Each structure stands twice: as C-alpha cells, then as structure tokens.
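Here are my notes on the model you sent, set out as numbered points so that each can be checked against the coordinates. Please keep the structure open while reading.

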Amino acid sequence: MPTIRPSSDLRNKYSEISEFCHKYDEPVYITKNGQGDLAVMSIETYEKLVGKFELYKLLDEGLDAKQNQKVRPFREALADIEKGIPD
C-alpha cells in the first residue's frame, strides 16, 4: 500500500518523511488539494531506480542488435578489447 501524505507534511513533518523514505526504500506520494502531485524518495532509492532504467535500456539495445543480426562472437569481441581495438 503506498504511503500518501498531504503537501503540508513536507513543511511540517519533513524529517518524518525523510526517515520513512530511508527506512523503507520506497517513495512517499504527496498530494496537493487532494490530488497526486509528487513522489518523494531517498537519493539511494532514486539512484537504484535510475540504474535499473539504464540497465533495461542496455538490455533492450542488445536484444535489438541480436534481432538485427548486428552481433559477433564473444571471444572475437574480447580479443579486440584486449588488443585495444575499438568497435
């Protein structure tokens, strides 16, 4: 169940929200006039999330390369890396 707090809690209970975000590694949803407005999370949680997006992007690029037959044998690529030859 997501944690939902009014925007006034950012001002009045900031340290409580911060402690929650660090303890549970999940965002706190902030409402403004009863409507969803923001999601607040710790820097650590944010960096993990961004890292996952970057990994998914790289995996997607790899799958696209395989589908378009733009791949080469691993040992060949490794040999070029060891020789210092760019792709």
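**Notes on the predicted model**

1. I begin inside the sheet, where proline 6 stands opposite threonine 31 in β2. Please bear in mind throughout that this is a predicted model. Threonine 31 also has a bridge partner in β3, namely glycine 36. A second set of partners can be followed through valine 28 of β2, which has threonine 3 opposite to it and is bridged to valine 40 in β3.

2. These pairs belong to an open sheet of three strands, arranged in the order β1-β2-β3 with mixed pairing. The edges are taken by β1 (3–6) and β3 (35–40), each of which has a single partner strand, so one side of each is left without a neighbour in the sheet. From one strand to the next, the twist averages 35°.

3. In which sense does each pair of strands run? As general background, strands of a sheet pair through backbone hydrogen bonds, and they may do so in parallel or antiparallel fashion. Here β1 pairs with β2 (residues 28–32) in the parallel sense, over four bridges, whereas β2 and β3 run antiparallel and are joined by five bridges. The hairpin formed by β2 and β3 has two residues between the strands, and asparagine 33 takes a positive phi near 55° in this hairpin.

4. Which helix packs on the sheet? It is α2 (residues 14–24), which touches β1, β2 and β3, and whose direction makes about 145° with that of β2.

5. Taking the protein as a whole, there are four helices and three strands, and the elements follow one another from the N terminus as β-α-α-β-β-α-α. The radius of gyration is 22 Å, well over the 12 Å that the globule rule gives for 87 residues, so the protein is more spread out than a compact globule. The C-alpha trace, for its part, spans about 60 × 25 × 20 Å along the principal axes.

6. Six salt bridges are found when the whole structure is searched. One of the pairs to inspect is aspartate 25 with lysine 48, which form a salt bridge whose closest N and O atoms are 3.8 Å apart. This pair links distant parts of the chain, with 23 residues separating aspartate 25, in the loop between α2 and β2, from lysine 48 in helix α3.

7. Which residues form a nonpolar patch on the surface? They are Leu49, Phe53, Leu55, Tyr56 and Leu59, and together they have about 510 Å² of accessible area. Tyrosine 56, one of the members of this patch, lies in helix α3, which comprises residues 43–67.

Terms used:
Residues are numbered from 1 along each chain as its sequence is written. This is a predicted model: local features need pLDDT of at least 70, side-chain atom pairs count only at pLDDT 80 or more; totals for chains, interfaces and linings use all residues. Side-chain values use heavy atoms; hydrogens and water are left out. Two strands pair if DSSP finds at least two bridges between them. Axes are lines fitted to C-alpha atoms, for helices over the stretch in contact, and angles run from 0 to 180 degrees between N-to-C directions. Contact means heavy atoms within 4.5 Å. Patches are made of residues with over 30% relative accessible area and no salt bridge: like charges are joined within 9 Å, nonpolar side chains (Val, Leu, Ile, Met, Phe, Trp, Tyr) within 5 Å. Accessible areas come from the Shrake-Rupley method with a 1.4 Å probe; for residues, only the protein chains shown count as cover. A salt bridge is a side-chain nitrogen of Lys or Arg within 4 Å of a carboxyl oxygen of Asp or Glu. The radius of gyration is taken over C-alpha atoms; the globule rule is 2.2 Å times the number of residues to the power 0.38.
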